[in-house]
Amino acid sequence: MSTLPLTPEQSAILQARDPAILVSAVAGSGKSTTLAHAAALRLRRGTPPGRILALVFSDTARQVFLDYLAQAGHARADVTVRTYDEYARSLLDAWVRLGYIDGAHTRRLTSLDALRPWIYQAIEDAAALGAHRDYYEFTLNDTHAEYILDTLTWLKGTLRLRHLDDMSISEFARQEDLPEGLVSILREYERARSHDVGLYEFQSAQDYVYDCLTTLAGCDYIELPRFDLIVADEWHDINEAHLQLLQRLHAGGGQLIAAGDADQVIHTRHGAHPDYMGPAFLAAFGQARRTTMPLSRSFRCGPTLALAAGQLAHKTFESWRTQDTEVSVLLQARLYQDQADGLAHYLQGLRQRRSESGFASFAILLRSPDLSIDIENELIRQEIPYQVNGFDSYFERDEILILRGILALLCEQLHGVTTAAEALPILQALGRFCEVDMSEHDWQASARDIAINPQLIRYFYSGQLNRPPPLQPASTPTGDPVSRKTNGTAAPTASIISVPSLSPSDTHYTGTDHPRPLSPWRARLAHTVEHLRPLVNQASAGELLRQACTLLHLPAYARRHYLQQEQADGIEHSIQAFVEHAAQSQLAAAAFLETVASTQRQSQRLRSHAGSPRQQAPLQLCTIAAAKGKEWPVVIVPGLSRLHFPRPQAQPAEERRLLYVAATRAQTQLLLVSDDAQHPYLQQMDLSQARALATAMLEENRARQADTRIYLHVPFEQRADAKNKGAQWDPIRRQWWIRSSMHLPSFRDWLPPDQ
């Protein structure tokens, strides 16, 4: 029996008989609850579980749907609930078993480590062609590999990759506004991965839906399973590939109910678009009767927040809650340090207000990780346990490790580091900056030596960072990429002072027959160290870092390693924030390094102990993108600045949707931190008007709650008696009910135990 209450809007959706229904919802309005009820209703009406399919976007969403299905009265129903990738993979596996395609030997790769050899092979194969004139840098590193995978995910999600083999590299590059060198890598990668329709050397998560559609297009004899009901949650995350798979599944008949919120479309890099919450859906299912139905009231957000979010999104957004969500604004003059200082007083009060669950009720949501530096430092200073989600703590980010490493090179000593585990990330970050390739054994040996004697970093500098790699002819590795070592091919050496032989991956291709040495960045580092080392006892750490950033052209480094403009901008902002942090400390380089190392150990203690039985549950510090689908009683959103949020280079509509997602995670309190009382987002939310209108909505909700439904336990043989006394039948829950304002003693025999 269902324990989930239904609103009039939810009931209307479940009673609709249109073959395709798009539910246009607001945040916290019960999208997943509605879809679970739709599945439960079909089960009660006799639909076999195998004829119901639920599609979601994550393992967490799948478990949430199963929980709601259990609350709807079907805990053990054998309903198929899968992510899109999982379901597409299951189809491919079924076609192999049926003999439709030859995939028995296809490798399933699940991590970047597993994909790296194939990506590196594609980079080297494309570089060996030497036909590209856009001076693309065919570097072999994880950042480049991730960029390639991100681009493939976008091209496959939008199905634009289908045109790659029909066009020249130059034509495709111009059409998609991509570098020719990158397009050549994508072509080599896909040629190595896909041999023919249904015949794949290997597959990973971003391939399954795309390969499924490609196989269906090339094998018209394959029939898809038929379902009486398909429910699709979080429809706002859908892309063209997902849509076409749903079209094919729905073509077999049955009903499709898709639910989403157009203002939560924030994954456009994966092909999501607001049009799929409107025109694209209606066009895709135009052959059938289709309709759009609303879920306009939130169970999560109180009236003030609901109305403010509605004004931000330019849509109807109301609340079912009888308690309000307080929305307040904290104004601070500067983006970084002042916002953390302003939060300090708030966090002190937060310590007093925390419940028995510790800080689990609180979340700080960031537009991007560069804001975390001063916020993390404040959390550490106040001994507040916290966890990061969606990004790395600033202590572990490459750009910060490089800056710490540069200060250590200037001091000729890695101050503050006491263990190899602390030294290793700093050394490897410097190595990545200078594109040094060493075996894992050599990296570990270097870290151990420097942890014992921090002054040995001067020999790491002279023996590795300040030594130009030898010129050598380009070579393209042959054989199975999986058999190649991908992380350090050099032979182990006994000391960091000796120089290990370099592998071909320690070279840099420019599309010519011969690679050039990786000298420019090493030369810049050598010039920087030579210029600034005499100043190390005179200038502060902040001043040294400012000059180092200028001499090293770190913005250019960010653009070289992070090819997506948004990522490069984020790295630049992170560098700026750390330099400002160093300047605020007014410490000399050695003292600043000691302080950062000590603070890092405090951070690790707070983060490693957070959530353990002996500790208070942690505050969540996460990006807005990572917060989607979650909720907290108290949410803090710092960084509302015209230069930071919204980002000037970003799409204005997507920036606005990011704030909508962040704000609507809050249940009881939302704090917005801004440097501008006239910030356009604050103006759009018009909090004064929202607060004024919220009073009437609260009174309406409280009056409604005073006259809610009470569901009765009426035996079949007593149904006529219940009806005669005024009980009404709910055809969805298949249960008799009365209003709470009715004379309850007349129904005492059928009332639930809590009445």
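Two residues are said to be in contact when their heavy atoms come within 4.5 Å. In this predicted model, Leu621 offers a good place to begin. Setting aside neighbours within four places in sequence, Leu621 is in contact with Ile364, Leu366, Ser372, Ile375, Glu376, Leu379, Tyr386, Gln387, Val388, Asn389 and Phe391.

Leu621 also belongs to the largest nonpolar core, which has 78 residues. Together with Leu407, Phe433, Leu465, Leu525, Phe578 and Leu619, Leu621 is among the residues that touch the most other members of this core. Helix H15, covering residues 398–411, supplies the largest share of the core, with 10 residues. Because residues come from both domain 3 (303–385 + 610–701) and domain 4 (396–464 + 519–597), the core lies between these two domains. Another core, of 70 residues, lies apart from this one, and Tyr84, Leu115, Leu140 and Ala173 are among its members.

Just as instructive is Ser393, which is found in the loop between strand E15 (386–389) and H15. Although in a loop, Ser393 has a relative accessible area of 0% and is therefore buried. Beyond its neighbours within four places in sequence, Ser393 is in contact with Glu376, Tyr386, Val388, Ser603 and Arg607. Glu376, Tyr386 and Val388 also appear in the list of contacts for Leu621.

Helix H8 (residues 180–193) allows a simple check of geometry. At 1.5 Å a residue, its 14 residues should span 20 Å, and the C-alpha atoms at its ends are indeed 20 Å apart, so the two values agree. This helix is mostly covered, with 11 of its 14 residues buried. The buried residues include Leu182, Val183, Ile185 and Leu186, but also Arg187, Glu188, Glu190 and Arg193. Two of the residues buried in H8, Glu190 and Arg193, take part in a network of salt bridges that also links Lys156, Asp207 and Asp211.

Side chains of opposite charge can pair when their charged atoms come close. Across the model, the count comes to 34 salt bridges. In one of them, the side chains of Arg160 and Glu176 meet with a distance of 3.1 Å from N to O. Arg160 sits in the loop between helix H6 (142–157) and helix H7 (169–176), while Glu176 is in helix H7, 16 residues apart. Arg160 is partly exposed, at 35% relative accessibility, whereas Glu176 is buried, at 8%.

A second pair joins Arg546 and Glu580, with the closest N and O atoms 3.7 Å apart. This pair links helix H20 (residues 541–552), which holds Arg546, to helix H22 (residues 565–585), which holds Glu580, across 34 residues. Here Arg546 is partly exposed, with a relative accessible area of 38%, and Glu580 is partly exposed too, with 26%.

In a third pair, Asp676 forms a salt bridge with Arg642, and the closest N and O atoms are 2.6 Å apart. Asp676 lies in the loop between strand E18 (666–674) and helix H26 (680–685), and Arg642 in the loop between strand E17 (632–640) and helix H25 (652–663), so this bridge ties together parts that are 34 residues apart in sequence. Asp676 is buried, with a relative accessible area of 17%, while Arg642 is partly exposed, at 46%.

Finally, the cysteines deserve a brief look. A search of the whole structure finds zero disulfides. Cys219 is buried, at 6% relative accessibility, and Cys549 is buried as well, with a relative accessible area of 14%.

Notes
Residues are numbered from 1 along each chain as its sequence is written. This is a predicted model: local features need pLDDT of at least 70, side-chain atom pairs count only at pLDDT 80 or more; totals for chains, interfaces and linings use all residues. Side-chain values use heavy atoms; hydrogens and water are left out. A disulfide is a pair of cysteine sulfur atoms within 2.5 Å. Buried means under 20% relative accessible area, exposed over 50%, partly exposed in between (1.4 Å probe, protein chains only). A nonpolar core is a set of buried Ala, Val, Leu, Ile, Met, Phe, Trp, Tyr and Cys residues joined through side-chain atoms within 4.5 Å. Helices (H or I, at least four residues) and strands (E, at least two) are DSSP runs, numbered from the N terminus. Domain bounds come from an automatic or database domain assignment. The expected span of a helix is 1.5 Å times one less than its number of residues. A salt bridge is a side-chain nitrogen of Lys or Arg within 4 Å of a carboxyl oxygen of Asp or Glu.
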